[in-house]
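Got the viewer open? Let's walk through this one stop by stop, with something to select each time.

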Amino acid sequence: MDDMISLTFLATLVGAAWRLATPLIFASIGEVFSERAGVLNIGLEGTMLVGAFCGFAAAAATGNIPLGLLAGIAGGMLFGLVFAFFTISIKADQIVVGAALNLLGMGLTAFLFRTYYVSTGKGIEIAQPVHIPWLSDLPFLGEAFFRQNLIVYSTVLVAILAALVLYRTSFGLTLRSVGEHPKAVDVSGRSVVGYRYAAVLVGTGLAGLGGAFLTLGHSNQFVEGITSGRGFIALAVVVFARWSPIGAFFVSLLFGLFYALQLMLQAQASIVVPYQVLQALPYIMTIVTLVAFRGKGAAPSKLGQPYEMR
Amino acid sequence: MAEINQGVRETVNSQAAQAFYRTLSQAAISALAPIAAVLVALAFGALLLWLNGFNGSDVVTVMVFGSFQDMRSVGEILLKATPLILIGAGLCVAFRCSIWNIGAEGQLYVGAIAATLVGTSIDGLSVWVHAPLVMLAGALAGAAWAGIAGYLKVRFQASEIVTTIMLNYIALILTSYLVTGPMRDASAAYPQSARLVREAWTPRLVSDLRLHIGILVAVVLAVALYIFLRRSSRGFALRVVGLNPHAARYAGMNVARNVMIAMCISGAMAGLAGAFEVAGVTRRLYQNISPGYGFEGIAVALLAGNNPLAAILSGGLFATLRSGSEVLQITSQVPQVLVLVIQGIVILSVVAFAKLRDILRTVA
């Protein structure tokens, strides 16, 4: 009997972990593209917030979730365009610009939210779990894997697609070269600037999608600072995953597990540790991860450096 | 012979004049760029207000000038400038060493926690001992918290950007734990610590204003850090490490030690700011003692061009805008978070104008 209880607990835990990992999966896979091309975007947090807000606003206006997701992606990419202009075209310091965009993302979304939505307090319809015949009814696996909404399922597709594009297409090869030997790409007649813009746009589009998931597939409201550091955690995920999309998928799942554990243990009355310890878990694990899995060798060699044509 | 001498003298004179002219124009451009950056940000703020149905000109009339009403309101601006100058000047040192300490907010909180512990647990000391002791505790705690990220960077090459941000969240959660748990004042309805004993309070500058001596400490420390960076050999080493760690190592400098020092100085300044918030303003520890001073300090340092002396001015400016935004929220219901947008645009404009200046220099 006891075993049955812990098994249900485990199934719920795994299901929640995947759900909570979803924004991280999108954002970190996007950041893999960006960093593979040599662009470190610490403005991910602000970008996700913009995605979350745009997704919420679009869905609140139209009631259409796919449209909301598209708006989230578009908002993220628009923000990414600003980042790309400053870091790639003007060659400004990527960290400084990223810090500015985090402030902007936090400020703009909070400003617009307080101006237009905060007094209404209205929630939106969010994406509902999709019941898959037979699979969802499986004893343990059903609860753990097959009672998610479509956005959560799509993370698998995005991870596989990202890996295929990055490793099996000429676009991916060139993109990776831009982060390692931009001069070689330049000499071969392709545009380093163009590829870096593309990489940043893919990255910020996915970050926007990750943010939009928070308002359209998880909570039904926008809250100021709803991302609560996920953009920064995604940066650490990329390091742990050694700049691989599939790796980013699984590392994000691990972080999703920390989030899920925190939430589920908080709900257990018998737990003696203060809930703040659990609350701090994802942040502490991020630091532990960075220290334990430092993969300096795997980092793109031109990460963070603007390309100077000579 | 005389003619040649004359010619040489003229050449030298004209060269000196040119050099003088060049320095002057560069100085003018250096001073103009931050001013232009602020104007661009204010214009953007006005546009944002106007687009959303507010009165755009409020940005100038209320946000910039609205908070200069009387002695009290000027005192409030200086009160807000205190943590901004402390944190901004400290971050100048870190940024000069290319250490991206984004964790001033957390360092401020840890400083506030330490100050509260020292200010509530000891009793019977003279104000001449207790008040400085509280400040020292805050600075040390901030330095230690920043030191964690510094150590992880030099020992494990863990990115200080990520670790300092994670330490921000951890410090905030720690504060929340302490004021709802072990440090909670049981008699209060709202989660808060006990009140600091009177001798631990930061002395006020003028008896009927909230303004305390922290503003003087902030200015003195900013000047001291300026001299440290410019005139001391340690400051020189920090800047060399920031410009080129490989060259610094080749020149026999200890990169790791310099990184730790830069990190700890910026952490100490933020921790001191936290101590002043508790001992000089709130007298108790709360969950939200800082409205984001630690993040605003980044904008302060960048607008100052990482010059601690200029951070006094940019800290004052951001404090003015923050006070003004409070007035604006009360008078016209404009969300106060507008300051975050303006901070972000200030940073972007500073970056853009710095590039413009480089282009102008190469053209000239």
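Start by selecting Lys91(A), which sits in the loop between α3 and α4 of chain A. Keep in mind as you look around that this is a predicted model. Now check the backbone here: the phi of Lys91(A) is near 60 degrees, a positive value in a residue that isn't glycine. Most residues other than glycine have a negative phi. Is Lys91(A) buried or exposed? Neither one, quite: Lys91(A) is partly exposed, because its relative accessible area is 25%, and the partly exposed class runs from 20% to 50%.

Next, jump to Ser228(A), in the loop between α9 (192-218) and α10 of chain A. Here too you'll find a positive phi in a residue other than glycine, this time near 35 degrees. Ser228(A) has a relative accessible area of 26%, so it counts as partly exposed.

Now move along to helix α11 of chain A by selecting residues 245-267. Begin at its start, where a side-chain oxygen of Ser244(A) comes to within 3.4 Å of the backbone nitrogen of Ile246(A). How far apart are the end C-alpha atoms of this helix? They are 33 Å apart, which agrees with the 33 Å that 23 residues should span at 1.5 Å a residue. Then colour the buried residues of α11(A), among them Phe249(A), Phe255(A), Phe258(A), Tyr259(A) and Met264(A). Pro245(A) and Gly256(A) are buried as well.

For the last stop, bring chain B into view. In the contact between the two chains, 42 residues of chain A meet 41 residues of chain B. Together the chains bury about 3600 Å², with 84% of that on carbon and sulfur atoms. Select Leu103(A), Phe111(A) and Ile287(A): these three supply 19% of the area that chain A buries against chain B, more than any other three residues.

Which elements of chain A give two or more residues to the side that touches chain B? They are α3 (65-89), α4 (94-116), α10 (230-240), α12 (275-279) and α13 (281-292). Of these, α4(A) gives the most, with 16 residues. Colour that side of chain A by residue type and you'll get 30 nonpolar, seven polar and five charged residues.

Want to hunt for polar links across the interface? There are five residue pairs in polar contact between chain A and chain B, with both residues at pLDDT 80 or more. As for salt bridges between chain A and chain B, the count is zero.

Definitions and conventions. Residues numbered from 1 in each chain as written. Chains lettered and ligands numbered in written order. Predicted model: local features only at pLDDT ≥ 70, side-chain atom pairs only at ≥ 80, totals over all residues. Heavy atoms only, no water. Contact = heavy atoms within 4.5 Å. Buried area = accessible area lost by both parts, 1.4 Å probe. Salt bridge = Lys/Arg side-chain N within 4 Å of Asp/Glu carboxyl O. Polar contact = N/O pair within 3.5 Å; in protein donor to acceptor, adjacent residues only side chain to side chain. Helix = DSSP H or I, 4+ residues; strand = E, 2+ residues; numbered from the N terminus. Nonpolar A, V, L, I, M, F, W, Y, C, P; charged D, E, K, R; others polar. Expected span 1.5 Å × (residues − 1). Buried < 20%, exposed > 50% of the residue type's maximum accessible area, 1.4 Å probe, protein only.
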